[in-house]
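User: Please take me through this two-chain model feature by feature, giving the general idea before the particular case wherever that helps.

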Amino acid sequence: MMMETVQAAEMLPGLERIRARFITMLVDRLDELEQLCDNMYEDAPDLAALEMSKNILHKIAGSAGTLGMTTLGDAARTCENQIISFLESSQPGLEQIFDSLGEFAELAEGLVAPSH
Amino acid sequence: MRILAVDDDPIILELLSELLATMDTEHDVMTADSAIDALELLARPETEPFDCFLLDIQMPGMDGIELCRKLRETTQYARVPVLMITAMSDKNYIDNAFTAGATDYVTKPFDITELRFRIKNAESRVSGDSALTKKIFAVQRSEAKTGDPNEKVSLNEPVPIMDVDGVIDYFAFENYVTQLSRGSLFGSTVFAFSIRRIQELYNQSTAFGFECLITDTSEAISDCLKPHQFLISYAGNGTFVCVVEGGHRPDLDRLTDQINLAIHDMDLHFCDGRKLDFRLCAGQAFRLIWRAGRNVIDAVLEAHASAEEEAIRREKMQDEYWLSERAG
């Protein structure tokens, strides 16, 4: 993750400040994602919560890569795409979506942890 | 340039502001976090006009495509550069954005060098410096210079065409085809139609009449290309460049006949009441497959040139036929 950030930071002088804000927001966004998925089970998908989760992941995916956090951005994009697919065709199952969300959350935790 | 960036993600807005602040040219950047906020800002009497827009496609409520459409409906922003920001790999979003009037697009996550290039490209369009845009913006420059709506656009300049399905301006068309990925190019074909004896028609038309002729022709082409996925652009000199996707192989002879019939059925007339009778011809079709060492634009130019050559060849043949008939 560090290797990814160095190259992007060189290109924009204010990127460190924006990255710090992104990390702060990531804490809130992770909390929000957890709350949205809190009461959802494989046999009882909450479509509205999934739609909101998709929007949060979409934002993370859009900005993380530009800020040099490509792996996190890709993980968010994977979750977003799986939710889109689920909302359209119920595939893949919620189990797989939760697995991907878990991987994404672990990556995000790794970024958030040093300052929190 | 005065730029309005619209995105519901504050991080993206901050990134864009930061990026634009580091460019060689100074930009005055304002931001809005939704399409509705942007429209409210634009409606305020004290808001100074913008030269360029950066619009996120996927926003809750009104999305960027709808906002772009609304901007294009206004006289003030009918022609300003609109760059769409998209995280969508789905090409349909991008196609819809161009159809709604976008001039270019950038994808998230941003490649900063690419984004700078795109902004500079838009800036060139605004200032009229770019070789690509000169011919298009000569239209606006001449209007601004004289303020005379009756002044005719030069024959080789693209006439802006509004409200015809699938018709976008030439600047946007070039941006579109040059940005298509190798995967998206797969299955795309470019070809062009030229109006025969365009110089004569141009000489005989008023400014308004010529614009109607071009718009009506583009409508006929658009109607005949349905239901395929396509984009059309008027490149000037009576030539329309078209790209069709999805592996569709156009039967150009049949298509030309259909278009000519559609134009005939429109029963067009010059402004002075004389019957307006003209025909189109097609050039060669070129697949837009990725070609090592060659630009996609080369294929567009080849398609364009082949249609114009065909128009000249057909008229020459017809002239020679009449001459030989008369001699006989």
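**Backbone geometry in the loops**

Analyst: Ser90(A) belongs to the loop between H4 and H5 of chain A, where helices (H or I, at least four residues) and strands (E, at least two) are DSSP runs numbered from the N terminus. The model is a predicted one, in which local features need pLDDT of at least 70 and side-chain atom pairs count only at pLDDT 80 or more, while totals for chains, interfaces and linings use all residues. Residues are numbered from 1 along each chain as its sequence is written, chains are lettered from A and ligands numbered from 1 in the order in which they are written, and side-chain values use heavy atoms, with hydrogens and water left out.

User: What is the phi of Ser90(A), and is this residue buried or exposed?

Analyst: As a general idea, most residues other than glycine have a negative phi, and most peptide bonds are trans. Ser90(A), although not a glycine, has a positive phi of about 60°. As for exposure, Ser90(A) counts as partly exposed at 46% relative accessibility, given that buried means under 20% relative accessible area, exposed over 50% and partly exposed in between, with a 1.4 Å probe and protein chains only. In chain B, Asp267(B) likewise has a positive phi, near 55°; Asp267(B) is in the loop between helix H11 (252–266) and strand S9 (280–282), and is partly exposed at 44% relative accessibility.

User: Which peptide bonds are cis?

Analyst: One of them runs from Gln91(A) to Pro92(A), with omega near -5°, and Pro92(A) is placed in the loop between H4 and helix H5 (94–112) of chain A. Another cis bond leads from Lys108(B) to Pro109(B), also with omega near -5°, and Pro109(B) occupies the loop between strand S5 (104–107) and helix H5 (112–127) of chain B.

User: How many helices and strands does each chain have?

Analyst: Chain A has five helices and zero strands, and its pattern along the sequence is α-α-α-α-α. Chain B has 12 helices and 10 strands. Of the 116 residues in chain A, 47% are buried, whereas for the 328 residues of chain B the figure is 55%. Contacts (heavy atoms within 4.5 Å) can also be read by their separation in sequence: among those with a separation of 6 or more, residues 24 or more positions apart account for 64% in chain A and for 72% in chain B.

User: How should I read the interface, and what area do chain A and chain B bury between them?

Analyst: The size of an interface is often given as the accessible area lost when the parts come together. Here chain A and chain B bury about 1,900 Å², of which 62% is on carbon and sulfur atoms, the value being the accessible area (1.4 Å probe) lost by the two parts, summed over both. In terms of residues, 22 of chain A are in contact with 19 of chain B. Five salt bridges are found across the interface, each being a side-chain nitrogen of Lys or Arg within 4 Å of a carboxyl oxygen of Asp or Glu. Glu14(B) forms a salt bridge with Arg17(A), and their closest N and O atoms are 2.7 Å apart.

User: Which helices of chain A supply at least two residues of the side that touches chain B?

Analyst: Helix H2 (15–38), helix H3 (47–64) and helix H4 (70–89) of chain A each do so. H2(A) gives the most to that side, with seven residues.

User: Where does Asp56(B) lie, and what does UniProt place there?

Analyst: Asp56(B) is part of strand S3 (residues 52–56) of chain B, and an unreviewed UniProt entry places the feature "modified residue: 4-aspartylphosphate" at Asp56(B); such annotations may be inferred rather than shown by experiment, their positions being given in the numbering used here and feature names shortened. Asp56(B) is buried, with a relative accessible area of 1%. Beyond its neighbours within four places in sequence, Asp56(B) is in contact with Val6(B), Asp7(B), Asp8(B), Gly64(B), Ile85(B) and Lys108(B). Lys108(B) is also the residue from which the cis peptide bond to Pro109(B) runs.

User: Is Tyr77(B), in its loop, buried or exposed?

Analyst: Tyr77(B) is in the loop between helix H3 (64–73) and strand S4 (82–86) of chain B, and is buried, with a relative accessible area of 5%. Not counting residues up to four places away in sequence, Tyr77(B) touches Leu42(B), Pro49(B), Phe50(B), Phe53(B), Leu71(B) and Arg72(B). Tyr77(B) and Phe50(B) are 27 residues apart in sequence, with their C-alpha atoms 8.3 Å apart in space, and a polar atom of the Tyr77(B) side chain lies 3.1 Å from the backbone nitrogen of Phe50(B).

Key
Polar contact = N/O pair within 3.5 Å; in protein donor to acceptor, adjacent residues only side chain to side chain.
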